[in-house]
Structures are given as C-alpha cells and as structure tokens.
Amino acid sequence: MLLREKINEIRQAKRVSIDRITKTGISKNKYYRFVSGEGSLSIGDLQKLIELLTVSLSEVVADSSERDQLIFNEFGDYFTLDVTEYERRAKDAARRYMATKLTAYYTISTVYELGAAHKKDEPTSDYVDDLYNTCKSKILYYF
C-alpha cells in the first residue's frame, strides 16, 4: 500500500473531515492532489497530518511499499560522504529545524554532525548521547 493510500485510509477510518485537515494549513486541493498521486506533501505537512490523525509515522509507513525509500532517501549515501558534505547537510537540517521545529530535522542534523565528527576522528559520544535522549523522549511521548 502506498503512503498516500494509507493516510487516506486512516483519515476515513477515523472520520477526519477534509475541513479539519484544512485547519492545519493544508489546502483541500493540496490534500486531494496528494492522495490522488498528482502531488506531494512536505515533511512538515506530513507531520501535521500524522498529528491530526493521532498516529505515529511508524504506523503509517509500517506496511507501506515506499517504506525503504522513505527511510533511506535521506541517508542512502551516508557512509560515502566527505566531511564538507556532512557539515553542509547538518547545517541544512538545522535551518529546517529552526524554521519548522520538527524533531526529525533536529535528529537529521545531529546524525550528520556525528558523521562529520567521526570522519574528523573527533569524539562522538556527545552526539550519540543527544540522539539517544532525543529518541528516548519521543518514544516515551508515544506511550
């Protein structure tokens, strides 16, 4: 099942109206284009939908045929990057985090900072601790 189909299925099962979706800032047109496969959603809009539907991202993508693409799209070339690219991607994700306050961007930034530190043979324990604490706080949030 495609991600867009899964989200629409959850929306219908939970009887969430399109009007409620528009209150998150996602227009009717944008939502319909997304579920029809004619458009896409930003990660910010996807986060809004997931929060509105009161599900976790893992629930939405668990049986999605796009799961691996969604997971590895960001980090697929992670181990082949040089220090400059790790740092560029860390800064880009940090800017996105500052603009959206989505924890995913903060985590992505930290992962790239970890990669840069590792490539430079610098200590990485602070980055690992930060990732652990971020993940721990988000996991406890869902329980």
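Start by selecting D45, which you will find in helix 4. You are looking at a predicted model, so a confidence colouring is a good companion for the tour. The protein chain has a mean pLDDT of 83, and 84% of its residues reach 70 or more. Among its elements, helix 2 has the highest mean pLDDT, at 94, while helix 6 (residues 67-75) has the lowest, at 53.

**Stop 1: D45 and helix 4**

Keep D45 selected. Is this aspartate buried or exposed? Its relative accessibility is 7%, and the cut-off for buried is under 20%, so D45 counts as buried. Now show what surrounds it: leaving out residues up to four places away in sequence, D45 touches I26 and K30. For a distance to draw in the viewer, try the C-alpha atoms of D45 and Y31: they are separated by 9.6 Å, and the two residues lie 14 apart along the chain.

Next, widen the selection to the buried residues of helix 4. These include D45 along with G44, L46, L49, I50 and L52.

**Stop 2: the largest nonpolar core**

Select I7, I21, Y31, L49 and V60 and show their side chains. These are the residues with the most contacts inside the largest nonpolar core, which has 18 residues. Which elements give two or more residues to this core? They are helix 1 (3-13), helix 2 (18-22), helix 3 (28-36) and helix 4 (43-52). Helix 4 gives the most, with 4 residues. As background, nonpolar side chains tend to be buried together in soluble globular proteins.

Centre the view on I21 to see part of this core from the inside. Which residues does I21 touch, not counting those up to four places away in sequence? The list is R11, V16, I26, Y31, L49 and L52. Y31 and L49 are thus both contacts of I21 and among the core residues with the most contacts.

**Stop 3: helix 1 against helix 3**

Hide everything but helix 1 and helix 3. The two pack at an angle of about 120 degrees, and their axes are 8 Å apart. Angles of 65 to 115 degrees would count as roughly perpendicular and those over 145 as roughly antiparallel, so this pair is described as oblique.

To see the contact itself, select R4, I7, N8 and R11 on the helix 1 side and Y31, F34, V35 and S36 on the helix 3 side. Colour them by class and you should find 4 nonpolar, 2 polar and 2 charged residues.

**Stop 4: two loop residues with positive phi**

Move along to T54, which follows helix 4 and sits in the loop between helix 4 and helix 5 (57-61). What is the phi of T54? The value is near 50 degrees, positive in a residue other than glycine. Most residues other than glycine have a negative phi. T54 has a relative accessible area of 59% and is therefore exposed.

Then jump to K101, in the loop between helix 7 (83-100) and helix 8. Phi of K101 is also positive, near 65 degrees, and K101 is not a glycine. Its relative accessibility is 48%, so K101 counts as partly exposed.

**Stop 5: helix 8 and the second core**

Select Y78, A90, Y105 and I108. They belong to a second core of 13 residues, separate from the largest one.

Stay with A90 and bring in S109, which is found in helix 8 (residues 103-119). With sequence neighbours within four places left aside, S109 is in contact with A90, A93 and A94. S109 is buried, at a relative accessible area of 5%.

The next residue to pick is T110, also in helix 8. Where does T110 make its contacts? Beyond its neighbours within four places in sequence, T110 contacts Y127, D130 and L131. T110 is buried as well, at 2% relative accessibility. If you want another distance, the C-alpha atoms of T110 and A94 are separated by 8.5 Å, with their positions 16 residues apart along the chain.

**Stop 6: T134 in helix 9**

Finish at T134, which is found in helix 9 (residues 125-142). T134 has a relative accessible area of 13% and is buried. Show its contacts, leaving out residues up to four places away in sequence, and you get T103, Y106 and T107.

Definitions and conventions
Residues are numbered from 1 along each chain as its sequence is written. This is a predicted model: local features need pLDDT of at least 70, side-chain atom pairs count only at pLDDT 80 or more; totals for chains, interfaces and linings use all residues. Side-chain values use heavy atoms; hydrogens and water are left out. Buried means under 20% relative accessible area, exposed over 50%, partly exposed in between (1.4 Å probe, protein chains only). Contact means heavy atoms within 4.5 Å. A nonpolar core is a set of buried Ala, Val, Leu, Ile, Met, Phe, Trp, Tyr and Cys residues joined through side-chain atoms within 4.5 Å. Axes are lines fitted to C-alpha atoms, for helices over the stretch in contact, and angles run from 0 to 180 degrees between N-to-C directions. Angles under 35 degrees count as roughly parallel, over 145 as roughly antiparallel, 65 to 115 as roughly perpendicular and the rest as oblique. Ala, Val, Leu, Ile, Met, Phe, Trp, Tyr, Cys and Pro count as nonpolar, Asp, Glu, Lys and Arg as charged, and the others, Gly among them, as polar. pLDDT is the predictor's confidence in each residue, from 0 to 100.
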